[in-house]
Structures are given as C-alpha cells and as structure tokens.
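I opened this notebook to go through the charged side-chain contacts one pair at a time, together with the solvent accessibility of each partner.

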Amino acid sequence: GVTPYPVYCANSASIMLISAMTITRLLLLRMPHRQRTFTAERAHAMCFTVWLFSLGLPILFLVIDKNDVEFDQRIYLCDYAFKSDIWRWLLPLMTTIVMYLPAIITGLCTVPLVLYLCKARRVSRRSGGSRRWQGIMTTVLTATVYLISILPYAVYRFVQSNFSQDSSFHSDYFRLAVSFLSLNTISNFYIYSLTVHSFRRFLWVAVGWDNRSYLAAPTNTNTIGTNNVGAEIESNMVNERMHQTPA
C-alpha cells in the first residue's frame, strides 16, 4: 500500500514544476535584462523547493491515517481513501493549492506566450530566420498538454460530491480522467523531439541511424536555433565516413 505516496508526490511536483517553468519563461521574455540573474543555482533551488513542497500531501497521509489505503478497482491500483473527517475541508484546500492554482496560473501564462510565439515567428520570417523560438514552443506545448491532461481530473474533484456513489461518473468518468493524467508524462519525449532540434540530433547520433531520410530534419536551422554541438557531432561523423579506407 505504498503506491499512493510516491504517486501523489510525483504528480504534485510535476504540476508545480510545469507551472514554474511557464512563469519563468514569461518573466524572462518580459524582462530580458534580468536573464543573467536567473542562474542555474537559482533554478536548482527552485526545483528543490517544489519537490520539498510536494511532499506535503504524502506527509499528511502518514500523519492523519497511514492505514487509510485500499485497492481501487476502477483504476486497479492502491489509492488513499480519504475516509477521515478532516479530509472534508483539508482535501479541497490541498486540491486548490496543488492542482487548481497551478493550472490557472499556467493557463494565464500560456496565453501571452502563444501571442509572443506568433509575433516571434513573424519577425523571424522578415529577418531571414534569425529569431530563436524553440524554447517558447517547447514551453507552450508542455503547458498545453498539461492543461489538457489535468482538466478531466480537476473537473472530477470539483463536482464529485454532486453525484451519488453508484453513478457512472465515479467509475467510467473517473477511469477516463485518471487515464488522461498519463498524457502529461508520455508526451514529454515527443514534445522535445518535435521542438528541440539538438535533442533530435542527439537521438540520431546515439541510436546510430545512418539512413535518416525518412526523418523530417528542418532545412532552415536558424529558425529554431540549432545547437552547434549537435551539428558539429553530425559533421564529424560524415567526415569520418568519407575518410575511411575501403577494406
């Protein structure tokens, strides 16, 4: 019955980290002169604080009733049951802090990021593709997928008290809402592969695919801000093949 503890901790951290990423991206765009002050040490400290705060809900599980865990046949996992009377007011409070507020903040920050992305692409076309926008695209797609994945579950938590226990809302819809949460996890690889050119280069080199004609590599690398290291690795591989002596 230890499954609920790491699951709730990881989900809470994921939600708050995406919200923090969206906020910082917007702040750096609004105040570009402050970019040097946002160092790697500060980013690590922020991530550490988020993970520390995400331990709050599992700690409450242990403090209130550590044995309040049961097997949920709807999702075929052990889950916390929230049977104690204290959860009647504490669960809505924690859900608001951990789920609703980050989702609202992420949505509000994503809108100006999308507007800035559209403006950046127009400027990029006029200036010959010199504007870097891959970081903004990555943030926007990550935040959008996160909002889509969290919305059904947030709706369930918000209106669950309005339905009887034998209603299909607590079985079929809940199962669907929990399934949507997985989108936030499985989408990261595809988002990075789609928006980060250096990540695609890394995959091609790491896997060792010699024939990559079926992979759509961008022709105008200035448009998305190519990573020079990835391009250099690819160039070295080509040169090595050209200078190999035939057996």
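Which class does Arg74 fall into by relative accessibility: buried, partly exposed or exposed? I looked up the value in this predicted model, and Arg74 comes out at 23% relative accessibility, so I enter Arg74 as partly exposed, given that buried would require a value under 20%.

Entry on the partner. The side chain of Arg74 meets that of Asp72 in a salt bridge, with 2.8 Å from N to O. I then checked Asp72 itself, which has a relative accessible area of 12% and is therefore buried, the cut-off being under 20%.

Entry on the total. I noted that the structure holds four salt bridges, and I followed up two others besides the pair above, beginning with Lys83 and Glu70, whose side chains meet at 3.2 Å, N to O. This pair links distant parts of the chain, since Lys83 lies in the loop between strand 2 (77-80) and helix 4 (87-126), while Glu70 belongs to strand 1 (residues 69-72), 13 residues apart. For accessibility I recorded 59% for Lys83, which counts as exposed because the value is over 50%, and 40% for Glu70, which counts as partly exposed.

Entry on the next pair. Arg88 forms a salt bridge with Asp85, and the closest N and O atoms are 3.7 Å apart, which still meets the criterion because the cut-off is within 4 Å. I looked up both partners here as well: Arg88, at 68% relative accessibility, counts as exposed, and Asp85, with a relative accessible area of 55%, is exposed too.

Conventions: Residues numbered from 1 in each chain as written. Predicted model: local features only at pLDDT ≥ 70, side-chain atom pairs only at ≥ 80, totals over all residues. Heavy atoms only, no water. Helix = DSSP H or I, 4+ residues; strand = E, 2+ residues; numbered from the N terminus. Buried < 20%, exposed > 50% of the residue type's maximum accessible area, 1.4 Å probe, protein only.
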